[in-house]
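Trainee: I have a model open and some questions about it. Can we go through them one by one?
Mentor: Yes. Go ahead.

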Amino acid sequence: MQIVILRDSDEVAEYGANLIINQLKRKPDSVLGLATGSTPVSLYQRLIVANQAGTVSFKAVTSFNLDEYLGLAASHPQSYRYFMNSQLFDAIDIDKANTHVPPGDAEDPIAACEAYEAQIQAAGGIDIQLLGIGRNGHIGFNEPSSGLMSRTRVKTLTKATIEDNARFFGEGEYQPHLSITMGIGTILDARKVLLLATGESKAEAIRAAVEGALSASCPASALQLHRDAVLVIDEAAASKLA
Ligand code: F6R
């Protein structure tokens with residue numbers, strides 16, 4: 001694990017965006033693993049600026065998102081497909097046919113999970129996987145107790161994650177308690193992993209991931225097994241490291 005500690009969330013976004021831009025310059029047809037949530041938004045804004053300035057192209061890129069709520073169709077404003085379209089894909093030159101988000105409205109979710117794994121394989125595997133981290137150490141929707149070798153599957157969200165994500169849903173709006181998520185094993189197969197974390201609320205999860213035991217109680221600790229995992233974090237997220 002390589003740990004890069006920067007001053008604030010702007011520097012984290014800038015550093016992360018540059019890693020992805022350099023990856024695309026080296027390999028324009030890279031396969032990107034992408035994340036949703038608040039953390040990557042400013043990184044995506046930088047990718048949009050770079051694309052619109054002609055510094056980088058996504059025309060040959062294929063992407064796979066980590067996860068999706070089970071029970072939300074792509075058109076639902078809280079779906080992760082909707083998030084990706086509005087936060088990134090609509091504003092860059094990527095071919096949407098090459099972007100993949102697990103299907104939240106799949107009739108057969110178990111078959112959809114297997115198909116998602118097969119699509120990643122068929123694309124040649126993920127070159128760089130972007131991750132955020134939950135306060136409880138989750139990556140994707142791999143909540144504590146997820147198998148360290150797990151593959152894409154249906155996963156129940158914990159109370160803590162449901163509460164953390166309630167901010168995105170309106171009062172009384174249906175909030176799913178199930179998801180489809182890449183497994184920890186799927187994430188570990190990526191050739192490079194880039195985890196971003198900012199703010200004090202992530203400090204304990206970062207401490208457990210970096211200095212704690214390798215354990216399913218902190219899914220992000222599995223990154224200790226990866227040979228090219230970079231954690232780019234701000235000083236607040238680093239504040240509980242020894
Ligand atoms: C999102 C995802 C989640 C988030 C995590 C942090 O696709 O898989 O693991 O990365 O919940 O979310 P934020 O960035 O909103 O704090």
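Trainee: By class, how many nonpolar, polar and charged residues are in the shell around the ligand?
Mentor: Keep in mind that this is a predicted model. There are 14 residues around the ligand. By class, the shell has five nonpolar, eight polar and one charged residues.

Trainee: Which residues come nearest to the ligand?
Mentor: Look within the 14 residues around the ligand. The nearest are T36, G37, S38, T39 and G132.

Trainee: In what order do the seven strands of the open sheet run?
Mentor: Strands of a sheet pair through backbone hydrogen bonds, either parallel or antiparallel. Here the pairing is parallel. Strand 1 and strand 5 (99-100) are the edge strands, as each pairs on one side only. The order is 1-10-9-6-2-3-5.

Trainee: Which residue in strand 10 stands opposite I5?
Mentor: Strand 1 and strand 10 run parallel, joined by five bridges. Opposite I5, in strand 10, stands I233.

Trainee: Which residue in strand 9 is the bridge partner of I128?
Mentor: Start with strand 6 (residues 128-131), where I128 and L130 point one way, Q129 and L131 the other way, and all are buried. Strand 6 pairs in the parallel sense with strand 2 (residues 31-34) over two bridges, and there I128 is the bridge partner of L32. Four bridges join strand 6 to strand 9 (residues 192-197), also in parallel. In strand 9, the partner of I128 is K192.

Trainee: How far apart are the end C-alpha atoms of helix 1?
Mentor: Helix 1 (residues 9-26) has 18 residues. At 1.5 Å a residue, the helix should span 26 Å. The model agrees, because the end C-alpha atoms are 26 Å apart.

Trainee: Around the axis of helix 1, what arc do the buried residues cover?
Mentor: The buried residues are S9, V12, A13, G16, A17, I20 and L24. They lie on the same side of helix 1, because they cover an arc of only 125 degrees.

Trainee: And which residues are exposed on the other side of helix 1?
Mentor: First, what covers the buried residues of helix 1 includes strand 1 (2-6), helix 2 (41-52), strand 6, strand 9 and strand 10. The other side has the exposed residues N22, K25 and R26.

Trainee: What do the buried residues of helix 2 pack against?
Mentor: In helix 2 the buried residues are L43, Y44, L47 and N51. They fall within an arc of 100 degrees seen down the axis, so they line one face of the helix. They pack against helix 1, helix 3 (80-87) and strand 9.

Trainee: Which residue in strand 8 is the bridge partner of T156?
Mentor: In strand 7 (residues 153-156), R153 and K155 point to one face and are buried, while V154 and T156 point to the other and are not. Strand 7 and strand 8 (residues 178-181) run antiparallel, with four bridges. The partner of T156 in strand 8 is L178.

Trainee: Is G212 buried, exposed or partly exposed?
Mentor: G212 sits in the loop between helix 7 (203-211) and strand 10 (229-234). G212 touches R207, C218 and S221, not counting residues up to four places away in sequence. A residue is buried at 20 or more other C-beta atoms within 10 Å and exposed at 12 or fewer. G212 has 17, so G212 is partly exposed.

How values were computed
Residues numbered from 1 in each chain as written. Predicted model: local features only at pLDDT ≥ 70, side-chain atom pairs only at ≥ 80, totals over all residues. Contact = placed C-beta atoms within 7 Å. Near = placed C-beta within 6 Å. Nonpolar A, V, L, I, M, F, W, Y, C, P; charged D, E, K, R; others polar. Pairing = 2+ DSSP bridges. Expected span 1.5 Å × (residues − 1). Arc of directions from axis to C-beta.
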